Each structure stands twice: as structure tokens, then as C-alpha cells.
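Welcome! Below is a guided walk through one protein model, written for someone meeting it for the first time. Take a moment to look it over before reading on.

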Amino acid sequence: MTFTHWRRTACGLLLAASCAAASPPADVTDPVFPFLRRLEEKGVIGPEFLGTLPRSRAQVLEALRQAQTNAHLLHAWDA
């Protein structure tokens, strides 16, 4: 899946997170977690993000925002 697809997923998570008063834990079986692991390994998001689970949807959304900000660190085949 491309970064653009994940960006759309992030927008969906943003909408979901903004609708909820409290941010419930994100489902660790969601396909976004392997993607976040790849980004963590490449240094696009902070290290140890996935070291402590579960993460709230708001935290996942923040990691996706951080990834979008640091997208320039990805190679063309990752984008």
C-alpha cells in the first residue's frame, strides 16, 4: 500500500478520533500497525512508538501526522 493510501486512512482515523470524546484504544490487528512499524524502523516516526501497546486512536493519528510531516525521509518506492 502506498503512502497516499495510508494518508487517506489517516484522514479516516482523524474523523473517527474527532467524533469521539475520549480516544479508545486502537485495534492492534488494524493494518495501520505494520505500516507504523515500517515507519518507525525507517526513522519517520519516533522510536519506541510501538513499544507500548495498546495505543489510543489519538496517538495513532498523531504518529500518522508525524509520518506525513517527515514524508521527505522516505525513498520514492515508499511514498
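The protein chain has three helices and zero strands. Read from the N terminus on, its elements run α-α-α. Please keep in mind that this is a predicted model.

**The chain as a whole**

Of the 79 residues in the protein chain, 32% count as buried. The chain exposes about 5000 Å², and carbon and sulfur atoms supply 58% of that area. How do contacts run along the sequence? Among contacts between residues at least 6 apart in sequence, 67% join residues at least 24 apart.

Three pairs of residues show how parts of the sequence that lie apart are placed in space. The table lists them with their C-alpha to C-alpha distances.

| Pair | Separation in sequence | C-alpha to C-alpha distance |
|---|---|---|
| F35 and L64 | 29 residues | 9.7 Å |
| D27 and R57 | 30 residues | 8.5 Å |
| L74 and L39 | 35 residues | 8.7 Å |

Where do some of these residues sit? F35 is found in helix α2, and D27 lies in the loop between α1 (3-19) and α2. L74 belongs to the segment after α3. Their exposure can be sorted too. F35 counts as buried because its relative accessibility is 5%. L74 also falls under the 20% cut-off for buried residues, with a relative accessibility of 13%. D27, at 48% relative accessibility, counts as partly exposed.

**The nonpolar core**

In general, nonpolar side chains tend to be buried together in soluble globular proteins. Which residues touch the most other members of the largest nonpolar core here? Of its 15 residues, they are F33, L36, L39, I45, F49 and V60. The elements that give two or more residues to this core are α2 (32-41) and α3 (57-69). Helix α2 gives the most, with five residues.

F33 is a good residue to look at in the model. Leaving aside its neighbours within four places in sequence, F33 is in contact with A26, D27, V28, L50, L53 and V60. Two names in that list appear elsewhere in this report: D27 is part of the loop between α1 and α2, while V60 is one of the core residues that touch the most other members.

**Two sides of helix α2**

Which residues of α2 are buried? They are V32, F33, F35, L36, L39 and E40. These residues lie on the same side of α2, because they cover an arc of only 155 degrees around the axis. On the other side of α2, P34 and E41 are exposed. A general point about helices helps here: an α-helix has 3.6 residues a turn, so residues three or four places apart point the same way.

E40 is worth a second look. This residue is found in helix α2, and it counts as buried because its relative accessibility is 15%. Leaving aside its neighbours within four places in sequence, E40 is in contact with I45, G46, P47, E48, F49 and L50. Just after α2, G43 takes a positive phi of about 80 degrees.

**The loop between α2 and α3**

Most residues other than glycine have a negative phi, and most peptide bonds are trans. With that in mind, the loop between α2 and α3 offers some details to find. E48 has its place in this loop. Although E48 is not a glycine, its phi is positive, at about 70 degrees. Is E48 buried or exposed? At 65% relative accessibility, E48 counts as exposed. E48 is also one of the residues in contact with E40.

P54 is found in the loop between α2 and α3 as well. What kind of peptide bond joins L53 and P54? The bond is cis, with omega at about 5 degrees. L53 also appears among the contacts of F33.

**Around the rings**

How many aromatic pairs does the structure hold? The number is zero. One ring does have a charged partner, however: R55 lies over the face of F49, at 4.6 Å from the ring centre. F49 is also one of the core residues that touch the most other members, and F49 is in contact with E40.

Note on methods: Residues numbered from 1 in each chain as written. Heavy atoms only, no water. Helix = DSSP H or I, 4+ residues; strand = E, 2+ residues; numbered from the N terminus. Buried < 20%, exposed > 50% of the residue type's maximum accessible area, 1.4 Å probe, protein only. Contact = heavy atoms within 4.5 Å. Areas by Shrake-Rupley, 256 points an atom, 1.4 Å probe, with all protein chains shown as cover. Core = buried A, V, L, I, M, F, W, Y, C linked by side-chain atoms within 4.5 Å. Arc of directions from axis to C-beta. Phe/Tyr/Trp six-rings, centres within 6.5 Å; stacked < 30°, edge-to-face > 60°. Lys NZ or Arg CZ within 6 Å of the ring centre and 35° of its normal.
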